[in-house]
Amino acid sequence: MALDKEETGERVLAIAEVLLNEGGMDNLKARTIAEQAGISVGSVYNLFSDLDGVHRAVNMRLLDRLGAAGAAAMADLSQRGITDVRQRLLALAGAYVNFVEGHPGSWPALLAFNRRRPTLAEPDAYEARLDQLFEIIAGVLAGGDFDLDDDTRRIAARTLWSSVHGIVTSGYAGRSVRRQAGEIDQQIELLVAVFIRGLERGGAFAHAGTTA
């Protein structure tokens, strides 16, 4: 019976992800999930307590998938003997852009969900998945000759993530027929180049961890 419950839960999440990807948060309905899964609405709530529980579980899967995409990009470069920090950061950014393109509804829904999440006193499993994404970037930065301590490297990773995320998000905001794909790539390339050059020259950010 436990296996049946697990399989039902997986089916519910798969359906919920499709609904989110097709129409965002407003498209996530317990009745629709129940009808497509062939179960009762009560069964959906027995599995995940409420719709936020369903959405949260889908988001956890998305974050795992994004982390796996970043790790795969790094593994591919390592296999080819590419250790250049700039190329590795651009590969991570490319993996993120591809992920956003592949999840046009569910990723914005995840971001919207995050904005209304309550502030927690301590990190939870959800935050841990976000931290894993930042750790991939921090690991790449650790391979450069930047003379950063661990805390500053962590902040640098979050700063770079936020900057790339801003470029990608604004690039898709207009939803025009002609997406500025080339310009998005150029902005990311410029950002990474300037970011690395600043760290190489020991710019202000390189010493941010020592300032009050």
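Reader: From the N terminus on, in what order do the elements of the protein run?
Author: First, a heads-up: this is a predicted model, where local features need pLDDT of at least 70 and side-chain atom pairs count only at pLDDT 80 or more, while totals for chains, interfaces and linings use all residues. Residues are numbered from 1 along each chain as its sequence is written, and side-chain values use heavy atoms, leaving out hydrogens and water. Helices (H or I, at least four residues) and strands (E, at least two) are DSSP runs, numbered from the N terminus. There are 9 helices and 0 strands, and the order reads α-α-α-α-α-α-α-α-α.

Reader: What share of the residues in the protein is buried?
Author: Buried means under 20% relative accessible area, exposed means over 50%, and partly exposed is in between (1.4 Å probe, protein chains only). Of the 212 residues in the protein, the buried share is 38%.

Reader: Is Ser106 buried or exposed?
Author: Ser106 sits in helix α6, which covers residues 106-115. Leaving aside residues up to four places away in sequence, Ser106 touches Glu17, Leu20, Asn21 and Leu62 (contact means heavy atoms within 4.5 Å). Its relative accessible area is 0%, so Ser106 counts as buried.

Reader: Among contacts between residues at least 6 apart in sequence, what percentage joins residues at least 24 apart?
Author: Here the program looks at contacts across the protein, starting with residues at least 6 apart in sequence. The part that joins residues at least 24 apart is 68%.

Reader: Which residue forms a salt bridge with Arg129?
Author: A salt bridge is a side-chain nitrogen of Lys or Arg within 4 Å of a carboxyl oxygen of Asp or Glu, and the count comes to 7. In the Arg129 pair, the closest N and O atoms are 2.9 Å apart. The pair links distant parts of the chain, 65 residues apart, with Arg129 in helix α7 and its partner in helix α4 (residues 51-79). That partner is partly exposed at 36% relative accessible area, and its name is Asp64.

Reader: Which residue pairs up with Arg153 in a salt bridge?
Author: Both partners lie in helix α8, 3 residues apart, about one turn of the helix. Arg153 is at 17% relative accessibility, so it counts as buried, whereas its partner is exposed at 60%. With the closest N and O atoms 2.9 Å apart, that partner is Asp150.

Reader: How far apart are the C-alpha atoms of Ile155 and Ala138?
Author: Ile155 is also placed in helix α8, and at 36% relative accessibility it counts as partly exposed. Ala138 is 17 residues away along the chain, and the C-alpha separation is 8.7 Å.
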